[in-house]
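This report describes a structure in terms of its chains, the contact between them and the spaces inside. Please look at the sequence and the model before reading on.

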Amino acid sequence: MSGQLTEQQLVAALTERGHIPPGSALPPEDHSDRPWYLSMVLGVAAWLAGAFVLGFAWTLLEPLSERELFVVGAFLLAASIGLFRAGRDRTFIDQLALSTWIAGQFAIVAAVADITESWPAICASILALQIVLWFVTPSSAARLLAAFFGCCAWALFIRLSVLDESFDDRLSVDVGPSLFVWVVVWLPVAAGAWALVSTEARWMTSGWRGAIRPALTGLLLGLSVGSISADPVGTLLFGVLGTGDNHVNWLALWPLLDIGLALVTMWLAFQLRHRALIGVAIVAGLVHASRLYFLSGVSLLMKAAIIVVIGIVLLGLAAVLARQERT
Amino acid sequence: MKRKALDALVAHFTLPQSGVEALLDLSNARPSRLEQLRFGAHVLRLTGLLCLVFGVVFFVAANWDALRVMGRFALLEGLFVVCIGTALVRPPPATRGRFALFGAFVVAGALLALFGQTYQTGANVYELFLTWALLGLPLVIASQWSVAWAGWLTVLNTALALYCGWRPDGGLLWFVFASVPWETAILMIPAAINLALWFGTEHLRDKPVHRVVDALRAQWLGRLLIACAVGFGTWAGIAALMRHSWAGWALRGEEVIALVLQIALLLSVWAYAVRRRADVFPLTMVAASVILLGLFAVIRGFHRTDWIMMLLVATWLVASSTLASKYLIGVLRGWRTEGVPA
């Protein structure tokens, strides 16, 4: 998918075109580059370690009041940011920093939960925390996670505050509000990701490129799989629980719209030639299809009719594009 | 070149926007209009096809009263015939033929489900998936398409997970394994099947093969197989470790067998991948499995819930993932230095 030029050839071509002064030295070799699947293993390990780091602090210092928990969280976050700064590209310190960073967030969110006892407030605080952490954390992995968790928190915040649902239950919602809430949640995220992709050359020149790049990846991850986090806990992935009563509930069609988001993600990832993200979007699309099957609220017959019509429309659009391709 | 390397070049040479545009163009980092049209058409076509076949599955599952049994069978069989007819007119590797055979494979599954639903065969769900995998195999082979193979592997692994994970009574596999008292070690059977298939696809990779099996050489398909193999093995290992949790280190015979088999699987994958020097993904899967098994071994071995335990587990996770990263990056760099496109 990517071009065949090596770094030296690319620099030579840019020098020839006058973008780089002749005789400029090549940048030092980057030793922090790793494949996406290794980054994923490291991220999951750090996330798990974060839970145990918090467990360690909790069992060592218990009982902790909300304020003490908040202070512990703030201390862990400050320590993690210090570790990130001190240990750039040193794997052990990076991993330790990431797990401490996650533990600090757990502690702060737990403290906020104890103080407010309100799900929308908790989600809003997670969202605010992710935005702040995206600004102040000098780590690509952490910034990617902040953008992704921010998307999930945003989706949950809107669902719980606008629809007035509880965390683990689902109300019957009419088609209008259902569509409205989905658009309010996902349109800004999709528009943000789209804008970042289309202005890539502009922000690559700014000093914020190191922060925007992981944010874009996090947003695209959020677009493809983040919508699952807006489901009630009981319906996560394949559950039929928690959809409440036997009334028509148009929220059951959200997964269909989420398949559209997966397609948008695929398209944007293709613009970046990001194969791993395209793969994630494909898997996400299939997971959304299974969610569409299992979520009750709209009859299977209705769902079948809708997706067959959509399938025919998509095949028609594909034919139009194929014709354009030939001309 | 990856975006990260391009960002590093922009930072190093402090390129202006015109320079970045030139960099993105020269490195072919952005798709051309033709590539966009091709990608868009392909994605829409595939999504449209999936919508149609999922629509059929949903329709059958809806059990619509207004359509009688004969009508339902006629609908599915008609679709099956249309798919096969299309594939005969435009045989694979033509895209239409591939899509048609993949559609026929999915419709075959819906047909089997309808058969079970209508005649109340008493078959377990795993039997549906197993029969689907067996009967659908010729269609998948004929499609010459890695995506159809991925669908087939998903169906096969679902059948194996349903049977080996939950051991339902009845059916073909139950008849074979009913006398086997194992509950955890039996999970090594799907692990072994996936491992054998992975070795098979790896064996095909460097050789000229018949076009019918060429699709099996896709790297991502091999990665799916090794992920399933290591995943089932890790499931067996964790189940063996946690079966009698909080009871110290004493393991029963079956649990020891499951752990020994998983260790053997990991060692064989590691040895093969290191010798083959083609892809670091299998080594990453081995590392992930070791990290997880180690995590549960620590939890099982020290059976405490105090701060020492929490510290031990957190330390294990950070230390093991760091070591894994250092080792894998070292391997990757070594291979790249030797010119291996890993």
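How many cavities of 30 Å³ or more does the structure hold? The model, which is predicted, holds 2 of them.

**The cavities**

The largest cavity has a volume of about 90 Å³. Of the 13 residues in its lining, Trp198(B), Glu202(B), Arg205(B), Asp279(B) and Pro282(B) are the closest to the centre. Three helices of chain B, α9 (188-205), α11 (219-242) and α12 (253-276), are the elements that give two or more residues to this lining. Sorted by class, the lining of the largest cavity has 6 charged, 5 nonpolar and 2 polar residues.

The second largest cavity holds about 60 Å³ of space. Its lining comes from chain A, and among the lining residues are Trp182(A), Trp186(A), Trp254(A), Asp258(A) and Arg291(A). Two or more residues each come from α6 (140-162), α7 (175-198) and α10 (254-271) of chain A. The most, 4 residues, are given by α7(A). In this lining 7 residues are nonpolar, 1 is polar and 3 are charged.

**A pocket lined by both chains**

The second largest pocket has a volume of about 600 Å³. It is lined by 22 residues, of which Leu315(A), Leu49(B), Thr86(B), Arg96(B) and Phe99(B) are the closest to its centre. The helices that each supply at least two lining residues are α12 (300-326) of chain A and, from chain B, α3, α4 (69-89) and α5 (95-119). Which helix gives the most to the lining of this pocket? That helix is α12(A), with 6 residues.

The table sets out the lining of each space by class.

| Space | Nonpolar | Polar | Charged |
|---|---|---|---|
| Largest cavity | 5 residues | 2 residues | 6 residues |
| Second largest cavity | 7 residues | 1 residue | 3 residues |
| Second largest pocket | 15 residues | 2 residues | 5 residues |

**Chain B and its contact with chain A**

Chain B has 14 helices and 0 strands. Its C-alpha atoms fill a box of roughly 65 × 65 × 40 Å, taken along the principal axes.

How many residues of chain B are in contact with chain A? The count is 80 residues of chain B, which touch 79 residues of chain A. Between the two chains an area of about 7,100 Å² is buried, and carbon and sulfur atoms give 74% of this area. On the side of chain B, the residues that lose the most area to chain A are Leu26(B), Phe39(B) and Phe58(B), together 10% of what that side buries.

Charged and polar pairs also occur between the chains. There are 4 salt bridges between chain B and chain A. A salt bridge joins Asp7(B) to Arg213(A), with the closest N and O atoms 2.8 Å apart. Across the interface, 12 residue pairs are in polar contact, both residues being at pLDDT 80 or more.

Five helices of chain B each supply at least two residues of the side that touches chain A: α1 (3-13), α2 (17-26), α3 (33-62), α13 (281-302) and α14 (307-337). The largest share of this side, 24 residues, comes from α3(B). By class, the side of chain B that touches chain A has 47 nonpolar, 17 polar and 16 charged residues. The helix α3 of chain B thus appears in two places: it supplies residues to the side that touches chain A, and it also supplies residues to the lining of the second largest pocket.

How values were computed
Residues are numbered from 1 along each chain as its sequence is written. Chains are lettered from A and ligands numbered from 1 in the order in which they are written. This is a predicted model: local features need pLDDT of at least 70, side-chain atom pairs count only at pLDDT 80 or more; totals for chains, interfaces and linings use all residues. Side-chain values use heavy atoms; hydrogens and water are left out. On a 1 Å grid over the protein atoms alone, a cavity is a set of points where a 1.4 Å probe fits but cannot get out, and a pocket is an open set with protein on both sides within 12 Å along at least five of seven lines; lining residues have an atom within 4 Å of a point. Grid points are joined across faces, edges and corners, and a volume is the space filled by probe spheres set on the points. Ala, Val, Leu, Ile, Met, Phe, Trp, Tyr, Cys and Pro count as nonpolar, Asp, Glu, Lys and Arg as charged, and the others, Gly among them, as polar. Contact means heavy atoms within 4.5 Å. Buried area is the accessible area (1.4 Å probe) that two parts lose on being put together, summed over both. A salt bridge is a side-chain nitrogen of Lys or Arg within 4 Å of a carboxyl oxygen of Asp or Glu. A polar contact is a pair of N or O atoms within 3.5 Å; within protein, one must be able to donate a hydrogen and the other to accept it, and residues adjacent in sequence count only if both atoms are side-chain atoms.
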